[in-house]
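Visitor: I would like to understand how the labels given to parts of a protein model are justified. Could you take me through some of them with the reasoning spelled out?

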Amino acid sequence: MEEWNFPPSYRNDYFPDTNSPYWFRDRETMDPEKRDELIVARIREVMAYAYDHSPFYQRKWDEAGIKANDIRTLADFEEVPVVTKQELRDSQAKNPPFGDYLCCPESDIHHIHGTSGTTGRPTAFGISRRDWETIANNHARIMWGMGLRPGDTVFVAAILSLYMGSWGALIGAERLGCKAFPFGAGAPGMTARAVIWLGMMKPAGLYSTPSYALRLAEVAREEGVDPREFGIKVLFFSGEPGGSIPSIRDKIQQIYGAKVVDCGTMAELTPWMHASGSADTEGMLLWQDIVYTEVADPNTHRRVPYGEQGTPIYTHLERTSQPMIRMVSGDLTHWVMEDNPCGRTYPRLPKGIYGRIDDMFQIRGENVYPSAIAEVLEGLAGYGGEHRIIISRGGSMDELAVKAEFDQEVAGRGPDAIRSLGEKAEAELSRVLGVRARVVMVDPETFPRTDFKAQRVVDDRDLYQSLNQKRGG
Ligand code: 8LH
C-alpha cells in the first residue's frame with residue numbers, strides 16, 4: 001500500500017494527481033476486510049515496538065499475559081487492556097516529564113505540548129521529529145480529502161500554545177503546500193482583528209472550534225462585515241461537538257456560505273484528524289489505517305456492532321514517540337459501515353462525537369447531553385447564540401433549566417415574541433430530551449462568548465445539597 005510502513009517514512013515531496021479526490025487512493029478505497037487484515041499485522045508490529053521500547057507497555061501486557069504475536073484477529077486485539085488518561089498521568093508523575101511510555105530517546109523530542117490541566121496534573125506530549133513529519137503528512141492527506149489544495153490559504157483561528165488542535169491544523173496546511181496563517185486566538189481584541197485579516201487574506205480554509213466560528217461571525221456583523229465576504233470554502237472544526245450536529249452545521253454553512261467539515265479526537269491521539277469528514281461525506285470517517293478506532297462498550301471495552309453506540313478506543317498505527325495502544329476516550333458516539341458518497345471505505349460516525357460520557361447528566365432517569373440542548377436551540381429562529389444549562393435539585397427530583405438568549409430581532413418585537421420563543425424552546429427541548437426543561441429567555445449578549453471550547457453546564461445539585469445539610473435539611 002502507498003507509503004504504509006512502520007516506522008513510517010513518508011516522502012515529503014509526494015502529491016497525488018491534481019484531479020484525484022484521494023491522496024492515497026488504495027489506502028482510502030480498498031476493500032475494508034482486506035484493510036482489516038493489514039491492520040492486524042500492523043498492530044502486531046506497533047505492539048512489538050512499544051513492548052521493546054517502554055516499561056509501561058511491558059508491565060501492562062505482562063500483567064495481562066498478552067504478547068504482540070497473540071494478536072491474530074481484531075477480536076484478539078479486544079483482549080488488550082485499555083490505556084486511561086489517569087494511567088498516563090501516573091506514569092508521568094513517577095517518570096517525569098514524559099512518562100515511561102515514551103518510546104524514543106528524549107533527545108529525539110522535537111515539540112512539547114500538553115493538556116491544559118485545569119484540574120490536576122497536566123499531561124506532557126513529547127513528539128519526535130519523525131512523528132511530527134508523520135502527523136503533517138497524515139493531516140495534509142485528510143485536508144486534501146476536505147477539498148483543500150496546495151496554494152490555498154489556511155487561517156488557523158485557535159490558540160497556539162499547549163493546544164494540539166491549532167498545531168495539527170498548521171502543520172497539515174504547511175505539508176499540503178498551503179499558505180499557512182497561524183493567526184491564533186484568545187488575546188483581547190483578537191476577534192475583531194481576525195475579521196480584518198480574513199477580509200484581507202480571503203482564506204480558502206478556516207480552522208477553529210464551532211463555538212468560535214459562531215463568535216467570529218457575530219463580531220464580523222458588529223463590524224459591519226458579512227462573513228460570506230471572507231470567501232471561505234471549507235471551515236474545519238475540532239475540539240467539541242457541533243460540526244456534525246445538523247442545526248449547528250447548517251447554520252454555520254449558511255452564515256459563511258462555506259462547507260463545514262467535522263474532525264478531531266484527542267490530543268494524545270494526534271494526528272487527531274484521523275476522524276474526519278470529507279468534501280462529500282458528512283459526519284466523521286474513521287481513517288483506520290492511520291489510527292485504528294474501535295467503538296466499544298464502555299464497560300467491557302469490546303466492540304459494539306455497527307449501528308450501535310459506544311466509546312471510541314484508539315490505537316496509533318503510525319506514531320513512534322508516545323504511541324497510544326487502546327486508549328479509551330470516555331466519549332460517546334455511534335458508528336455505521338455504509339457506502340460513503342466520497343468512495344472511501346472507512347466506517348463513519350454519522351453524528352460525530354456527542355461529547356464525554358462524564359459531561360452527560362441524568363434528569364429523572366433520562367441521559368441528557370449538553371450537545372443535544374445546543375442542537376435544539378440552534379435550530380430555533382430567534383435564538384440569540386448562547387445559553388447556560390442549570391441542573392438543580394429543588395425537591396427530591398433533579399430539575400433542568402435552560403437560560404437562553406433571544407436575538408435582537410425578537411427583542412425588537414417585544415415581550416409577546418420573547419414569551420412565545422421561550423414556550424417553543426421549552427416544548428421542543430422537552431420533546432427531544434424526553435424530560436421537562438424550564439426555559440428562561442434572557443437578553444441578547446447576556447453570556448460571555450468563547451474563543452475555544454464552550455462550557456455551558458452549571459450543576460447546582462451539590463450546592464443545594466450542602467445548603468440543605470447546613471440547614472439540617
Ligand atoms: C470533540 C471533537 C469533535 C474533540 N466533536 N467532540 O481538537 C482536536 C484535539 C486536539 C482535541 O480537542 O483534543 P483535547 O483537547 O485533548 O480534547 C479531546 C476531547 O475534545 C475529546 O475527548 C472530545 O470530548 C472533544 N472533541 N474533537 C466532538 N470533533
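Guide: What follows is a set of questions about confidence, burial, salt bridges and the backbone.

Visitor: How do you know how far to trust the coordinates?

Guide: This is a predicted model, and the chain averages a pLDDT of 94, with 96% of the residues scoring at least 70. Helix 14, residues 461–470, has the lowest mean pLDDT among the elements, at 60, while strand 9, residues 284–286, has the highest, at 99. Where pLDDT is low, the predicted coordinates should not be read in detail.

Visitor: What makes the contact between R141 and D289 a salt bridge?

Guide: The cut-off asks for a side-chain nitrogen of Lys or Arg within 4 Å of a carboxyl oxygen of Asp or Glu. The N to O distance between R141 and D289 is 2.9 Å, so the pair qualifies as a salt bridge. This pair links distant parts of the chain, for R141 sits in helix 6 (residues 129–146) and D289 in the loop between strand 9 and strand 10, 148 residues apart. Both R141 and D289 are buried.

Visitor: Why is the contact between K233 and D152 called a salt bridge as well?

Guide: The closest N and O atoms of K233 and D152 are 3.6 Å apart, which is within the limit of 4 Å, and therefore the name applies. Here too the pair links distant parts of the chain, with K233 in the loop between helix 9 and strand 6, D152 in the loop between helix 6 and strand 3, and their positions 81 residues apart.

Visitor: Why is D152 called buried or exposed, and what about K233?

Guide: Buried means under 20% relative accessible area, and D152 has 13%, so D152 is buried. K233 has a relative accessible area of 42%, which lies between 20% and 50%, and therefore K233 is partly exposed.

Visitor: How do you know which label fits D250 and which fits R249?

Guide: D250 forms a salt bridge with R249, the closest N and O atoms being 3.5 Å apart. D250 has 38% relative accessibility, which is neither under 20% nor over 50%, so D250 counts as partly exposed. R249, with a relative accessible area of 9%, falls under 20% and is therefore buried. Elsewhere, salt bridges that share partners join R27, E28, R141, D289, E318 and R344 into one network, and the structure holds 32 salt bridges.

Visitor: Which residues gather in a patch of negative charge on the surface?

Guide: The patch of negative charge is formed by D31, E33, D36 and E37. D36 is found in helix 2, residues 32–53, and has a relative accessible area of 30%, which lies between the limits of 20% and 50%, so D36 is called partly exposed.

Visitor: What is noted about the phi of R326 and of E445?

Guide: R326 has a positive phi of about 60 degrees although R326 is not a glycine, and E445, likewise not a glycine, has a positive phi of about 65 degrees. R326 lies in strand 12, and a relative accessible area of 1% is under 20%, so R326 is buried. E445 is placed in the loop between strand 20 and strand 21, and with 44%, between 20% and 50%, E445 is therefore partly exposed.

Visitor: Where are the peptide bonds described as cis?

Guide: One cis peptide bond joins F6 and P7, with omega about -10 degrees, and P7 lies in the segment before helix 1. The peptide bond from T270 to P271 is also cis, with omega near 10 degrees, and P271 is in the loop between strand 7 and strand 8.

How values were computed:
Residues numbered from 1 in each chain as written. Predicted model: local features only at pLDDT ≥ 70, side-chain atom pairs only at ≥ 80, totals over all residues. Heavy atoms only, no water. Patch = residues over 30% accessible without salt bridge, like charges linked within 9 Å, V, L, I, M, F, W, Y side chains within 5 Å. Areas by Shrake-Rupley, 256 points an atom, 1.4 Å probe, with all protein chains shown as cover. Lys, Arg positive; Asp, Glu negative; His and termini not counted. Charge placed at Lys NZ, Arg CZ, Asp CG, Glu CD. Helix = DSSP H or I, 4+ residues; strand = E, 2+ residues; numbered from the N terminus. Buried < 20%, exposed > 50% of the residue type's maximum accessible area, 1.4 Å probe, protein only. pLDDT = per-residue confidence, 0-100.
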